[in-house]
Amino acid sequence: MSDTKISALPSVSNTADADMLPVVQTSGATIATRRASLAQLRSGLFVERPFHVRDYGAVGNGVADDGPAIQAAINALKLVGGGILQFGPRLYRIASPIVINGVTVILQGAGFTEGPNETHGTWFRIDQTGFTPFTFSGTMARGSIVRDIAIRQFHPAPSATWAPTDYDYVFRVQDCLGAVDFENVFLVAVNRGIWCDNSGRMNIRRLRGQVYTRGVEVDRCLDICRLEHVHFWTFHTNDANVVTWQQNNQDALVFRKVDGVFLDDIFVLGARSTLRFSSSAYGVTTKFYGSNIYADFARYGVWIDGNDVEGRIANMTTQGELITAGASVPLPGAAGIQIDGSNVRVQIGNLRVDDTENNAIRVNGSNNRLDIFAFRAEYYNYLNNGSAAIHLANVVTGTPNQVYLGTPPLLGNGNGGPLINSGTNGFVASAAPAGRVDRPGMMVGAQDTGLFQPAGGAVALSAGGAEQMRVAAGSISLGGAPGAHALAVATPTATVNQVTVTGSALGGTPSLAATGTDANIPLALSAKNIAPVRLNSRGNIALEVNAVATPVNFVRINGAGAAAPPQITAQGTDTNVNLLLLGKGTGAVQSGSPLQLPSFTVATLPPAATYPRCMIYVADGATNRRFAISDGASWRWPDGAVVA
């Protein structure tokens, strides 16, 4: 067809789909006029255009039920392979269920103005119960997104017996086996927000609002889901009756069978629990990761009532004030961390707990382990009943509960409450990372004084940059590093006897004693190799015990009872052992008292050969003959005659 000026074409008042219309096209400097039918132009212009709910009958006046129109638009998107469904800045009333199945859609709102009521932006009004407003189901719904939309529900006026209207979850993500995302969603006076089941990789970003029973609940999430920038606050009302109901009933974020959920920048005001890790028939949460969590006016910052829950939190602050009372008056039973399950394993980097009636941390169940690097508790033991900052239930059957603190706890305004309760077999232990002598792992007052780990299986104490004590299996060294220490204690295997050092009061005598289970326990003082053992007095040697060879014979000093003399005796393995008293050099052996000799009769003289050069007293000797000396063969009187 030849080119024709548009002005030369006949005018047309009405066109049908089959009518041919002119289209001017350019190719470089060349201008050409083409013709296309109206149907061809419409399909070309509208292809891949986002759908709008108004094109399917949505009114958006807050009165008419726009649910059927929204469903019709979703059904139309399903025919073209999915896409964006746009909502203008209107108030859409949802009074019938909407199901997204077999198609991936983006529910795109126009944003919203934060506030207690529907104002500017895209709002969904829900004022009827008995149905789920939005359900995403099936694998073809994966990749769907809800974005830039606010939801408002309606409840009775506040009163002393107030309870919310029992609305179902606004959004249910069911059996998608993959991600459905929520971005910039506002929940105003919503009873239950988002439910996700059997649908991993769900992402929630910038979720805000005031919820009454549940904000988000997740079960059977077998792949990482993420919740970021959640802010639940009194956007609709701060009426004390409403917030009190929340403090008794609302669990902001609930996780059941969830593997590896990521939680970042979570703030919740007015809740029973900010994070609740529970259970379902499918299991419990494991490997959860929280970065920054802040629970305000919450009974529990973290509530774990499922067994075998496992995860970690970087930073968390909880405050348990009662909404109806003044500042720092806690909720009944409030605790920053409440563990009611068993076999729980949770690590927390930095934890602060404020305002609890009794305990800042309460661990029930059995075999639970909680590791906290830095722990601060303020205004605990509010009832002043002796409650501890950390309460560990006594475990009658099973493994006791355990809490490990990486640094000394900072406890304030606790009415003198202790760190851990009495009457429990659980324990709080303070652990420290490995350090070196001048940089202990746990510092006490200065960086060169404290505890550190010099080697595997050993712990040491440093003071002023020098090691003063080391404890290892079966041994303790004091006064310096091993090899430079002053005192060592070694404990053999199966030790039942010990040395006890006891001090004394004024005028008393300190003691070093052998104690233990044996009836009779010797006490040995040993020098090294051939060196002697010395006892000093007045700064000098008063007594020295030495051996001229490897001892088999030794000296024993025996005390005695009444009217009996103490003894110095020769002992040993030889059958007969002499006792030798020596002076030094030309010094004599002196006796300060009369020396009493053994007494014999002539008839009972011992063999002279056994006692050469020995002197005895002869009880029945003749005049001037009372002393006898052995010459090695016979006993002789002083005049040389043989005793007879």
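**Entry 1: I568**

I started with I568 and found its place in strand 41, which covers residues 567-572. A reminder to myself: this is a predicted model. Is I568 buried or exposed? I read a relative accessible area of 54% for I568; exposed means over 50%, so I568 counts as exposed.

Next I looked up the surface around this residue. I568 helps make a nonpolar surface patch of about 610 Å², together with V555, I557, L579, L581 and V589.

**Entry 2: the cores**

I then turned to the interior. The largest nonpolar core holds 89 residues. Which of its residues touch the most other members? I noted L85, F136, I151, F182, L227, F255 and F375.

I picked F375 for a closer look. Leaving aside residues up to four places away in sequence, F375 touches L351, V353, A360, I361, A389, I390, L405, P409, L410 and L411. I also jotted down a second, separate core of 12 residues, with W123, F186, F235 and V242 among them.

**Entry 3: an open sheet**

My last stop was a sheet of 4 strands. This sheet is open, its strands come in the order 42-43-44-45, and their pairing is mixed. Which strands stand at the edges? I found strand 42 (599-600) and strand 45 (635-636) there. Each has a single partner strand, so one side of each is left without a neighbour in the sheet.

I followed strand 45 to strand 44, residues 627-630. These two strands run antiparallel and are joined by 2 bridges. Across this pair, I saw W635 in strand 45 standing opposite S630.

How values were computed
Residues are numbered from 1 along each chain as its sequence is written. This is a predicted model: local features need pLDDT of at least 70, side-chain atom pairs count only at pLDDT 80 or more; totals for chains, interfaces and linings use all residues. Side-chain values use heavy atoms; hydrogens and water are left out. A nonpolar core is a set of buried Ala, Val, Leu, Ile, Met, Phe, Trp, Tyr and Cys residues joined through side-chain atoms within 4.5 Å. Buried means under 20% relative accessible area, exposed over 50%, partly exposed in between (1.4 Å probe, protein chains only). Contact means heavy atoms within 4.5 Å. Patches are made of residues with over 30% relative accessible area and no salt bridge: like charges are joined within 9 Å, nonpolar side chains (Val, Leu, Ile, Met, Phe, Trp, Tyr) within 5 Å. Accessible areas come from the Shrake-Rupley method with a 1.4 Å probe; for residues, only the protein chains shown count as cover. A salt bridge is a side-chain nitrogen of Lys or Arg within 4 Å of a carboxyl oxygen of Asp or Glu. Two strands pair if DSSP finds at least two bridges between them.
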